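Hi,

Here is the structure I promised to pass on. Have a look at it first, and then read my notes below.

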Amino acid sequence: MVLVCKKVAVIGAGSWGSILANILVMNGNKVCIWSRRKKQVDELNNQHTNHHYLSDFTYDRRLIASEDMAKVLEDASTVLFAVPTKAMRSVAADVATILKEKKLKPVIVHASKGLELRTHKRISEIISEEIAAENRKGIVALSGPSHAEEVAKKDITLVTAASEDLTSAKNVQKLFMNNYFRVYTNTDIIGVELGAAFKNIIALGAGALHGLGYGDDAKAALMTRGLAEIARLGIALGADPLTFIGLSGVGDLIVTCTSIHSRNWRAGNQLGQGEALQDVITNMGMVIEGLSTTKAAYELAAQEKIEMPITTAIYQVLYENKDIRQAISDLMQREGRSE
């Protein structure tokens, strides 16, 4: 069997990447998905399942998986990245080599949510550095309040396709839209990417509050003041303030801070119940983007001289071994001020 993708190449076969690939197939596109793991490729091709990520879901039989990135990328007019932030640069570099060799120029889409450690760069910035302009059209961020587990059940989901190139954003909108997955366009890719990354920090805090036994008042307070922090730093970095009251801002914040499907919420919940951070990481078995994003945001806030007390408190718990209850107490006893 020759594994050739003629329309959309999906790079990354985790829960989100594989479900987005399934949407694309069901929408009538030819889709090939890449994974570096042969066992996962074989399972997707033969059993049409992906049990490590979505244990009770059967994928469309037309979805083809392959370990061969060159075959996955061949003839692709769109390339969707769905890999963890820490892997984005190296994977994008591999894709860039193939695109150059094959003289391809696809639209590049990414569905990842995070910031690169050390450089603090957004995903689209990483991609633009690794994939030359002559080998790509627009770069689009696909983001919003969405869990693979719910999209798999065809629950109603609304997301944003953000790009400085509105034509590319509209093309991505058309690829994904159907009767349960609705896509809006946005030209503020800075705000969309920052909102998607920073909300994971607040989700860690929301989970911790739940694990500690706090109620709805505390969670609402955290989300509201957390959004204020996200917006302050985002605006300082060039985002449109209105983006943070949209799907990739408050929308994504709500779903990530309230859902058991959120890895960041689950990680925070376990920390609140007294689990050691390393045990939480080990037991999760999947990337917890909020951990590295907390460090990046803390460093960016210092660089931009932006006050982010909640982010600072979570950073201190994660990286300075501060007691969670003491961190909460210190936040509550800060000097009073106007909203």
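Before the notes, a word on the annotations: UniProt positions are given in the numbering used here, feature names are shortened, and annotations may be inferred rather than shown by experiment. Also keep in mind that this is a predicted model. The predictor's confidence, pLDDT, averages 95 for the protein, and 98% of the residues score at least 70. Residues 1-5 are another story: pLDDT stays under 50 there, although the model has 16 contacts beyond four places in sequence for them. Where pLDDT is low, the predicted coordinates should not be read in detail.

**The first binding-site set**

An unreviewed UniProt entry gives the annotation "binding site" to Lys113, Gly144, Ser146, Lys199, Asp252, Ser262, Arg263 and Asn264. From this set, Lys113 is part of the lining of the largest cavity.

So where does lysine 113 sit in the fold? You'll find lysine 113 in the loop between β5 and α5. Its relative accessible area is 13%, which makes it buried because the cut-off is under 20%. Not counting residues up to four places away in sequence, lysine 113 touches Thr85, Ser143, Gly144, Ser146, Ala196, Ala197, Lys199, Asn200, Asp252 and Glu289.

One of those partners is worth a click. A polar atom of the lysine 113 side chain lies 3.0 Å from the backbone oxygen of glycine 144. Glycine 144 is in the loop between β6 (139-143) and α6 (148-152), and with 0% relative accessibility it counts as buried. Beyond four places in sequence, glycine 144 is in contact with Lys113, Leu158, Val159, Leu247, Ser248 and Asp252.

**The second binding-site list**

UniProt (again an unreviewed entry) also lists Ser15, Trp16, Arg36, Arg37, Tyr53, Lys113, Ala148, Arg263, Val287 and Glu289 under "binding site". I looked at two of these.

Is arginine 36 buried or exposed? With a relative accessible area of 55%, arginine 36 is exposed. It lies in the loop between β2 (31-34) and α2 (38-46), and its contacts beyond four places in sequence are Glu67 and Val91.

Tyrosine 53 is in the loop between α2 and β3 (64-66). Its side chain makes a polar contact of 3.0 Å with the side chain of arginine 37. Leaving out residues up to four places away in sequence, tyrosine 53 touches Ala13, Gly14, Ser15, Arg37, Gln40 and Met286.

**More from the loop between β5 and α5**

Now back to the loop that holds lysine 113. Glutamate 116 is in the loop between β5 and α5 and is buried, with a relative accessible area of 14%. Which side chains does glutamate 116 pair with? Try arginine 89, in a polar contact of 2.8 Å, and threonine 119, in one of 2.6 Å. Setting aside neighbours within four places in sequence, glutamate 116 is in contact with Thr85, Arg89, Lys121 and Ile126. For a sense of distance, the C-alpha atoms of glutamate 116 and glycine 246 are 24 Å apart, with these positions 130 residues apart along the chain.

Histidine 120 is also in the loop between β5 and α5. It has a relative accessible area of 14%, so it is buried. The side chains of histidine 120 and glutamate 299 share a polar contact of 2.7 Å. Leaving aside neighbours within four places in sequence, histidine 120 is in contact with Leu115, Ala296, Glu299, Leu300 and Gln303.

**Helix α4**

Last stop: α4, which covers residues 85-102. You can check its length yourself. At 1.5 Å a residue, its 18 residues should span 26 Å, and the end C-alpha atoms are 26 Å apart, so the two agree. Right after α4 comes lysine 103, which has a positive phi, near 55 degrees.

Which residues of α4 are buried? They are Thr85, Ala87, Met88, Val91, Ala92, Val95, Ala96, Ile98 and Leu99. As you scan that list, remember that an α-helix has 3.6 residues a turn, so residues three or four places apart point the same way. The buried residues of α4 pack against β1 (8-11), α3 (69-73), β4 (78-81), β5 (107-110), α5 (123-130) and α13 (289-304).

Have fun exploring!

Conventions:
Residues numbered from 1 in each chain as written. Predicted model: local features only at pLDDT ≥ 70, side-chain atom pairs only at ≥ 80, totals over all residues. Heavy atoms only, no water. Helix = DSSP H or I, 4+ residues; strand = E, 2+ residues; numbered from the N terminus. Expected span 1.5 Å × (residues − 1). Buried < 20%, exposed > 50% of the residue type's maximum accessible area, 1.4 Å probe, protein only. Contact = heavy atoms within 4.5 Å. Polar contact = N/O pair within 3.5 Å; in protein donor to acceptor, adjacent residues only side chain to side chain. 1 Å grid on protein atoms, 1.4 Å probe; cavity = no way out; pocket = protein on both sides within 12 Å on 5 of 7 lines; lining within 4 Å. pLDDT = per-residue confidence, 0-100.
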